Amino acid sequence: MKETICTAFGLVGGFFAGLFGGWDAAMLSLLIFMGVDYVTGIIVAATGKSPKGKLSSKIGLKGLAKKCVILLLVLVAARLDLTLGTSYIRDGVCIAFLCNELISILENAGLMGIPLPAALKNAVDL
């Protein structure tokens, strides 16, 4: 039974990794940044320091929906790379969204009261 479950997860994981252009540093980093952004957003909301208010399933669902659309855009970029015979469109999309997630993580850290260097505070408008 254990082997069957592991095989099923491996097949599904391999299928999705293939769809998204492989499991590389860009994809792993994007997923990690998305997870960190979501968790820090929950912490900010739970502590009442969010400008949007307290914890809200509606706001949380909206955040998850945005992250799903980001992944769909990475999927489209990976398919474009495959169609055009290139290897940089998906990486560019991943890097762009990595930067966006990093800004959001820094904003959340600033809202939590974590001291940030002045240059970062000015960059993210805290």
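## A buried charged pair

Glu 101 and Lys 67 form a salt bridge, and their closest N and O atoms are 3.0 Å apart. Because Glu 101 lies in helix H4 and Lys 67 in helix H3, this pair ties together parts that are 34 residues apart in sequence. Where do these two side chains sit, buried or exposed? Both Glu 101 and Lys 67 are buried.

Please keep in mind as you look around that this is a predicted model. As general background, side chains of opposite charge can pair when their charged atoms come close. In this structure there are 4 salt bridges, and the next section turns to others.

## A network around Arg 90

Which residue pairs with Asp 24 in a salt bridge? The partner is Arg 90, and here the closest N and O atoms are 2.3 Å apart. This pair links distant parts of the chain, 66 residues apart: Arg 90 belongs to helix H4, while Asp 24 is found in the loop between helix H1 (2-19) and H2.

Arg 90 also forms a salt bridge with Asp 91, with 3.5 Å between the closest N and O atoms. Taken together, Asp 24, Arg 90 and Asp 91 are linked in a network of salt bridges. How exposed are the members of this network? Arg 90 has a relative accessible area of 4%, so this residue counts as buried, the cut-off being under 20%. Asp 24, in turn, is partly exposed, with a relative accessible area of 28%. Asp 91 counts as partly exposed too, at 28% relative accessibility.

## The nonpolar core

Now for the nonpolar side chains. How many residues make up the largest nonpolar core? There are 10 in all: Phe 20, Ala 26, Met 27, Leu 30, Met 34, Ile 70, Val 74, Cys 94, Phe 97 and Leu 98. Helix H2 (25-46), helix H3 (57-84) and helix H4 (89-111) are the elements that give two or more residues to this core. The largest share comes from H2, with 4 residues.

Phe 97 is a good place to look more closely. Leaving aside residues up to four places away in sequence, Phe 97 touches Leu 30, Ile 70 and Leu 73. Two of the residues touched by Phe 97, Leu 30 and Ile 70, are members of the largest nonpolar core, as is Phe 97 itself.

## Bringing it together

Helix H4 appears in each part of this tour. Helix H4 holds Glu 101, the salt-bridge partner of Lys 67 in helix H3, and also Arg 90, which pairs with Asp 24. Helix H4 is also one of the elements giving two or more residues to the largest nonpolar core.

Key
Residues numbered from 1 in each chain as written. Predicted model: local features only at pLDDT ≥ 70, side-chain atom pairs only at ≥ 80, totals over all residues. Heavy atoms only, no water. Core = buried A, V, L, I, M, F, W, Y, C linked by side-chain atoms within 4.5 Å. Buried < 20%, exposed > 50% of the residue type's maximum accessible area, 1.4 Å probe, protein only. Contact = heavy atoms within 4.5 Å. Salt bridge = Lys/Arg side-chain N within 4 Å of Asp/Glu carboxyl O.
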